[in-house]
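Reader: I'm new to this structure and would like a close look at one part of it. Could you pick a helix and walk me through how that part fits with the rest?

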Amino acid sequence: MTATEQTQARPRGTRLPRRARRNQLLGAAQEVFVAQGYHAAAMDDIAERAGVSKPVLYQHFPGKLELYLALLDQHCESLLQAVRTALASTTDNKKRVEATMHAYFAYVEDEGGAFRLVFESDLTNEPAVRERVDKVALQCAEAISEVIAEDTGLAKEQSMLLAVGLGGVSQVVARYWLSSGSPIPRDQAVQLLTSLAWRGIAGFPLHGADPAGQQH
C-alpha cells in the first residue's frame, strides 16, 4: 500500500504508535510538498492529507520547515545508501559505473517524486536546505571518489573531481530522461550513459597494473 493509499484509507482520529504516526505524516507531507512545492504548501493541507488535526501534526513537527527538513534528511540518506550499495555490489568497475547510474535513475523514477525535494527544491535559499543538498552531493561524490582513487592511484583531489562529474552527469541526465518523457526504456538509457562514462573513466590505468594487460 502506498503512502497515498495509507493516508486515504485511515480515518481521522485513528491512534497510532508515535513512530508509525511520524512516518504517516512524512508520507503525507511528501505528497503535498512534491505536488505544491514548499512555499505553496500549508500545514493545513498536510494535516488534512494525513487525516489528522493540526495539533497532532504540531506534536511531531513544530513547523513547516522542520517537517520539510525531516523529509529531506530521509531522502538524502536514501540516495546516499543507494549509491553506496551500487558501488559495493561488484568489483567489476564497468559494472560499478552501470550500477551507480541505475541507482540515480531508480531514485529519480521513484513514484513518490522525492528526488524533487533533493534536486529541484524551491527552498535552496534556506541555509539548512542548501546545507543538506550540498552535503549529500558531496557524500555521494566521496563514495565514488574512494573507488576511483583506490583503483587508479590518482590523488584525492583528482579522484574527487572525476567523482563529482560522474555523479552530476548521472542525476542531470536521469532527471532530463524523466521530465522529457523519453521513449527510451530506463535500462537502455542507463546503458547509453554507462557507455559514455566508461569511455572516459576507463582511460585511467589501474593502479599497479601491467599497462599491456590491464583490465578495469
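Author: Let's take helix α9 as our part, then follow its links outward.

Before anything else, keep in mind that this is a predicted model. The protein chain has ten helices and zero strands, so to speak a run of α after α from the N terminus on. Of its 216 residues, 41% count as buried.

Now to α9 itself, which covers residues 156–179. Does its length fit what a helix should give, or where does it end up? With 24 residues at 1.5 Å each, α9 should span 34 Å, and its end C-alpha atoms are 34 Å apart, so the two agree. Just past the helix comes G181, which takes a positive phi of about 65°.Which residues of α9 are buried? They are S159, M160, A163, L166, G167, S170, Q171, A174 and W177. Look at how those numbers step along the helix, and keep one general point in mind: an α-helix has 3.6 residues a turn, so residues three or four places apart point the same way. As for what lies over these buried residues of α9, the cover includes α6 (93–109), α7 (115–119), α8 (127–152) and α10 (186–201).

One of those buried residues, W177, deserves a stop. W177 has a relative accessible area of 10%, and that makes it buried because the cut-off is under 20%. The structure holds five aromatic pairs, and a useful way to read any of them is by the distance of the centres and the angle of the planes.

Let's start with a pair away from α9, for comparison. F33 and Y68 pair edge-to-face, with 5.0 Å from centre to centre and 85° between the planes. F33 lies in helix α2 (residues 18–36) and Y68 in helix α5 (residues 64–88), so this pair ties together parts that are 35 residues apart in sequence. F33 is buried, at a relative accessible area of 2%, and Y68 is buried too, also at 2%.

Back to α9: W177 pairs with F105, and here the rings are tilted, at 5.4 Å centre to centre and 55° between the planes. Since F105 sits in helix α6 and W177 in helix α9, the pair ties together parts that are 72 residues apart in sequence. F105 is buried, with a relative accessible area of 1%. Remember that α6 is also among the helices covering the buried residues of α9.

The other ring story picks up F33 and Y68 again: ring pairs link F33, Y38 and Y68 into a cluster. K64 joins in as well, lying over the face of Y38 at 4.3 Å from the ring centre.

Another helix from the cover of α9 is worth a glance, namely α8. Its 26 residues at 1.5 Å each should span 38 Å, and its end C-alpha atoms are 36 Å apart, which agrees. After α8 comes G153, whose phi is positive, near 80°.

Finally, step back to the whole chain. Among contacts between residues at least 6 apart in sequence, 65% join residues at least 24 apart. The chain exposes about 11700 Å², and carbon and sulfur atoms supply 52% of that. There is also a record to mention: in an unreviewed entry, UniProt lists residues 42–61 as "DNA-binding region". Over that stretch the chain is 75% helix and 0% strand, with end C-alpha atoms 13 Å apart.

Conventions:
Residues numbered from 1 in each chain as written. Predicted model: local features only at pLDDT ≥ 70, side-chain atom pairs only at ≥ 80, totals over all residues. Heavy atoms only, no water. Helix = DSSP H or I, 4+ residues; strand = E, 2+ residues; numbered from the N terminus. Expected span 1.5 Å × (residues − 1). Buried < 20%, exposed > 50% of the residue type's maximum accessible area, 1.4 Å probe, protein only. Contact = heavy atoms within 4.5 Å. UniProt positions renumbered as here; feature names shortened; annotations may be inferred. Phe/Tyr/Trp six-rings, centres within 6.5 Å; stacked < 30°, edge-to-face > 60°. Lys NZ or Arg CZ within 6 Å of the ring centre and 35° of its normal. Areas by Shrake-Rupley, 256 points an atom, 1.4 Å probe, with all protein chains shown as cover.
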